[in-house]
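I opened my notebook for a look through this structure, and here is how I went about it.

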Amino acid sequence: MKTVRKPLLAAALAAAAASSAWAAGWPADYQGVMLQGFSWDSYSDTKWTNLEQKADEYSRYFKLIWVPNSAKSTGGMGYIPVYWFTNHNSAFGSEQELRSMIAAYRQKGVGIIADVVVNHRGGATNWTDFPAETWDGKTWQLGPDAICSTDEVRNAAGQAKPTGAPDTGDDFDGARDLDHTNPVVQENVKNYCRCLLQDFGYAGFRYDMVKGYAPQYTKIYNEYSAPEYSVGEYWDGSYDACATWIDGTGRQSAAFDFPLKYQLNKAWSSGNLGELVWKANGVTNQPAGLVHFGYPRYAVTFVDNHDTYRDGSRFTGDIPAANAFILCSPGTPCVFLPHYKDYKGQIQRLINVRYSVGLHNLSPVNVLSTGKDIYMAEVTGANGKLVVRIGSRNVTPDGYTDADVVASGDQYRIWTKVPVTGEVTEDPDTPPAPEIPSALYLIGNIPQGHWSTSSAPAMTREGDTYTITATIEPAAATETNGYFTFITSTGADWNAVNGTDRYGAASKDAPITQGTPAKLVKFQANVNASAANSWKIAAGTYRFTVDFRAMTVTASDPASVSSPETDPSAAPVYYNLQGVRVENPAPGLYIVVRGSLVTKEWIKG
């Protein structure tokens, strides 16, 4: 559990005592839920015209929608902007379509959050030629003196020499780091922010890569442009580091709760839900992260975002349960678009519960139980209370009955006495269609070749499952266990294989026992496929079943696997006890497959 360090604790207490002196980086007692309306390369889902078409639906559940950087950029996703003021024709649509989308949501009371990228910038035709732009009767332009002297362009032939001050934060190699100590840079950024609010109609900002420049500059930009909502991407799992950044902005900005995000990852990957609780002031159990003490108003909580979803930090546990945790906690929850699409009914119901109870970013939490298999807490909102339980332990909180259950899933349940209102546009009890690869291969310590990327045997698809009967050999002469995992394509080497998705265990060398389903995890192509985990199993012959609806793998005794739908007259296929197919079996004991019926049989001479 987390304990606040004493110096930071003293600062937090002093700040709390003088809270009226702090400017609002995020509204107090805010009840809204945010949607991250994109994921990486979500050019279809996030086209401005498509988002506008979703306004009726999204406005029922979300009060804020964060969209990608809308200015013309050297990269499709917008994270190396060339223009700030005048050219907002991007990979997501035209400027006219952007303005129409923002206006459509404003009419429904929903604010659009701009992705503000001011740590760095790209040139129009080379590394440093930032365009001159005219807006509000003035021309805005930056030259080489706006680029940090420590930027890598200083060593590039044929490029302008940067003459700015050294960087006040982390370097970004993909574009020119801007010198935020320069008054001209500050004036450009301040008025760019004002332009986004006053001209385009955005409601607030998500500041990209705020580790790249000192936090006092975010304070300057927000004091000038006065957004009601501001949140910084301070990508760090340290509570102290994130809290220090928030204080450095004069609490003019909230921050994404990366400390909580990593605790969610840890809780499910370790199988210990006790990781969801930290000690506030070293004494009181509270939900982990920035929300646990001192900063819930300034915490924007989330399970995944466009970056973590593809960089190896992707959440691989129970997604509805993790969303139930953030939606039943203080802070401002930010739901990730792919999660919303995959579990729309459940997430809509959870949001309806939050709104009905009136939970807000400063809602008090009383943790009732914490342990490896449970997190249970009572949370107080403006309209009453709810109790949320995460985990497998089947307990009911005192004072509640099954009649008070208003939402539930495989690993969560919520009770409240408050009537829950709000529409659910998709049946929350209907799970999304599983994502099933077009092919699946077994790879590991098998007779066809230990970890051979070119000779892994193909599995047979049967509806939502893939199956194969195969032998796992000992990994070495001195071992009794072997290892295996699954790939979706074969190739000459691992570079080829890792260019497609892989499916493996939830942890490295996770043990699997015969007949017991084990969790299956997707490792995404070109992101983390090379980090796919293997299972460890006693050497022997098994019938492997990969179930993509349950996301499990089961290794069964081949002789025990049968199906009532099997035609016993189907032509038999013979395998020896090492799992190798035999075309003309000699007398002996074989594994015989007839359709999906698998038996062990003696073949007589």
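My entries below cover a helix pair, some salt bridges and two strand residues.

**Entry 1: the model**

I noted at the outset that this is a predicted model.

**Entry 2: helices H8 and H9**

I began with a helix pair. Two packed helices are described by the angle between their axes and the distance between the axes. So I looked up both for H8, which spans residues 258-270, and H9, which spans residues 319-327. Their axes come within 12 Å of each other and cross at roughly 140°. That angle makes H8 oblique to H9, because roughly antiparallel would need an angle over 145 degrees. I also wrote down the handedness: H8 passes H9 in a right-handed crossing.

Which residues make the contact? On the H8 side I found Leu 260, Leu 264 and Trp 268. On the H9 side I found Ala 321, Ala 322, Phe 325 and Ile 326. Sorted by class, the contact of H8 with H9 has seven nonpolar residues, with no polar and no charged ones.

**Entry 3: salt bridges**

Next I turned to charge. Side chains of opposite charge can pair when their charged atoms come close. How many salt bridges does a search of the whole structure find? It finds 26, and I picked a few to look at.

My first pick was Lys 341 with Asp 45, whose side chains meet in a salt bridge at 2.7 Å, N to O. This pair links distant parts of the chain, 296 residues apart. Lys 341 belongs to helix H10 (residues 337-342), while Asp 45 is in the loop between strand S1 (34-36) and helix H2 (48-53). I checked accessibility too: Lys 341 counts as partly exposed at 42%, and Asp 45 counts as partly exposed at 34%.

I then went to Arg 99 and Asp 199, which form a salt bridge with their closest N and O atoms 2.9 Å apart. Arg 99 lies in helix H4 (residues 95-107) and Asp 199 in helix H5 (residues 183-200), so the pair ties together parts that are 100 residues apart in sequence. Arg 99 is partly exposed, with a relative accessible area of 27%, and Asp 199 is partly exposed at 31%.

My next pair was Glu 275 and Lys 266, where the closest N and O atoms are 3.8 Å apart. Are these two buried or exposed? Glu 275 is buried, because its relative accessible area of 17% is under 20%. Lys 266, at 40%, is partly exposed.

I added a note on a network as well: Asp 115, Arg 206, Asp 208 and Glu 233 are joined into one by salt bridges that share partners.

**Entry 4: Thr 467**

I found Thr 467 in strand S22 (residues 465-472). Thr 467 counts as buried, with 5% relative accessibility. What is Thr 467 in contact with, leaving aside its neighbours within four places in sequence? I listed Met 459, Thr 460 and Glu 462, along with Arg 543, Phe 544 and Thr 545.

**Entry 5: Ala 377**

My last stop was Ala 377, placed in strand S16 (residues 374-380). Ala 377 is buried, and its relative accessible area is 0%. Not counting residues up to four places away in sequence, Ala 377 touches Val 365, Asn 366, Val 367 and Leu 368, and also Leu 386, Val 387 and Val 388. I looked up one distance here: 23 Å separates the C-alpha atoms of Ala 377 and Asp 304, which are 73 residues apart along the chain.

Terms used: Residues numbered from 1 in each chain as written. Predicted model: local features only at pLDDT ≥ 70, side-chain atom pairs only at ≥ 80, totals over all residues. Heavy atoms only, no water. Axes fitted to C-alpha atoms, helices over the stretch in contact; angles between N-to-C directions. Helix = DSSP H or I, 4+ residues; strand = E, 2+ residues; numbered from the N terminus. Parallel < 35°, antiparallel > 145°, perpendicular 65-115°, else oblique. Left-handed = near helix turned anticlockwise from the far one by under 90°. Contact = heavy atoms within 4.5 Å. Nonpolar A, V, L, I, M, F, W, Y, C, P; charged D, E, K, R; others polar. Salt bridge = Lys/Arg side-chain N within 4 Å of Asp/Glu carboxyl O. Buried < 20%, exposed > 50% of the residue type's maximum accessible area, 1.4 Å probe, protein only.
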